[in-house]
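Please open the model in your viewer and keep the sequence beside it, since this tour moves from one selection to the next and says what is found at each stop.

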Amino acid sequence: MVTVRRHKDRCQVCLRPNCSATWGQTKLLIVVLGSVALIVAVAWSLAGAWLILPFAGLEVSLLAYLAYRVCRDTYNQQVLHIEPGHVVLVQGRNHNVKQWRLKRAQSCFVISAPVHSLSPRMVELKDQHHSCVIGEKLNQQDKEQLIDIITHLEIPYRMAGKTKITAIQDWQ
């Protein structure tokens, strides 16, 4: 999701990945699927196949861990602050984990063509000392919206690369 806030001489672009489920919905999914798996495992263990219990516990634990990691990563965000003298990129979840401060006169956006025709383009913010990939967790539509916003900012940008692999070759 790309949101833009414009002030007098400043602009703030907030980049967040699409989040299809909240943490509460993710916990509900873990409880429902985990309960079903454990009920089936207990039923089989009562029938004599007790060896299934550790594997069911491992399955539920792995489901909970992976669902937590996916949900946690959907709260990552990047905020691009464009000020009169600087471009500031802040990245993190609840607080600023990483921050880059680039001089606006020396910074440039580089929009690279994807290697594969179904992949989104890559956007980098560069200056003489730093190179930061922005919007890498965005889907293709949001990345195109970001590129459209970048082309209307007063910061130089350039296009680079060429798509080398097409998804459907010799389609008839």
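Begin by selecting glutamate 83 and arginine 101, which form a salt bridge with their closest N and O atoms 3.8 Å apart; a salt bridge here is a side-chain nitrogen of Lys or Arg within 4 Å of a carboxyl oxygen of Asp or Glu. The pair links distant parts of the chain, 18 residues apart, with glutamate 83 in the loop between strand E3 (77-82) and strand E4 (86-92) and arginine 101 in strand E5 (residues 96-103). Helices (H or I, at least four residues) and strands (E, at least two) are DSSP runs, numbered from the N terminus.

Before going further, note that this is a predicted model, in which local features need pLDDT of at least 70 and side-chain atom pairs count only at pLDDT 80 or more, while totals for chains, interfaces and linings use all residues. Residues are numbered from 1 along each chain as its sequence is written, and side-chain values use heavy atoms, with hydrogens and water left out.

Arginine 101 is partly exposed, with a relative accessible area of 46%, where buried means under 20% relative accessible area, exposed over 50% and partly exposed in between (1.4 Å probe, protein chains only). Now add aspartate 9 and arginine 10 to the selection, for these two also form a salt bridge, the closest N and O atoms being 4.0 Å apart. Aspartate 9 counts as partly exposed at 47% relative accessibility, and arginine 10 is likewise partly exposed, at 41%.

Next, select arginine 121 and glutamate 144, whose salt bridge has its closest N and O atoms 2.6 Å apart. Arginine 121 lies in the loop between E6 and E7 and glutamate 144 in helix H3, so the pair ties together parts that are 23 residues apart in sequence. Both partners are partly exposed, arginine 121 at 23% relative accessibility and glutamate 144 at 34%. Returning to the earlier selection, Asp9, Arg10, Glu83 and Arg101 are joined into one network by salt bridges that share partners. How many salt bridges does a search of the whole structure find? The search finds five.

Stay with helix H3 (residues 140-151) and pick out lysine 143, which has its place there. Lysine 143 is buried yet has no salt bridge, and the nearest side chain of opposite charge, that of glutamate 136, is 7.2 Å away; for this purpose Lys and Arg count as positive and Asp and Glu as negative, while His and the chain ends are not counted. Leaving aside neighbours within four places in sequence, lysine 143 is in contact (heavy atoms within 4.5 Å) with residues including Pro120, Arg121, Met122 and Glu136.

From here, turn to the strands, where two count as paired if DSSP finds at least two bridges between them. Strand E6 (residues 108-112) runs antiparallel to strand E7 (residues 122-126), and five bridges join them; cysteine 108 has lysine 126 in E7 as its bridge partner. On E7, lysine 126 also has a bridge partner in E8, namely serine 131. E7 and strand E8 (residues 131-134) pair in the antiparallel sense over four bridges, forming a hairpin with four residues between them.

Another set of strands can be shown by selecting E2 (residues 11-15) with E3, which pair in the antiparallel sense over five bridges. Glutamine 12 stands opposite histidine 81 in E3. E3 in turn is joined to E4 by six bridges, again antiparallel, and glutamine 78 has glutamine 91 in E4 as its bridge partner. A hairpin is formed by E3 and E4, with three residues between them.

Finish with the helices, selecting H2 (residues 52-73) to begin with, whose 22 residues reach 32 Å from the first C-alpha to the last, close to the 32 Å expected at 1.5 Å a residue; the expected span is 1.5 Å times one less than the number of residues. Which residues of H2 are buried? They are Ala56, Val60, Ala67 and Cys71. These residues cover an arc of only 35° around the axis, which puts them on the same side of H2, the arc being that of the directions from the helix axis to the C-beta atoms. The face of H2 turned away from its buried side carries the exposed residues Phe55 and Leu58.

What covers the buried residues of H2 includes helix H1 (23-46). In H1, the buried residues are Thr26, Ile30, Gly34, Ala37, Ala41 and Ser45, and their cover includes H2. As a last stop, select glycine 48, which takes a positive phi of about 115° just after H1.
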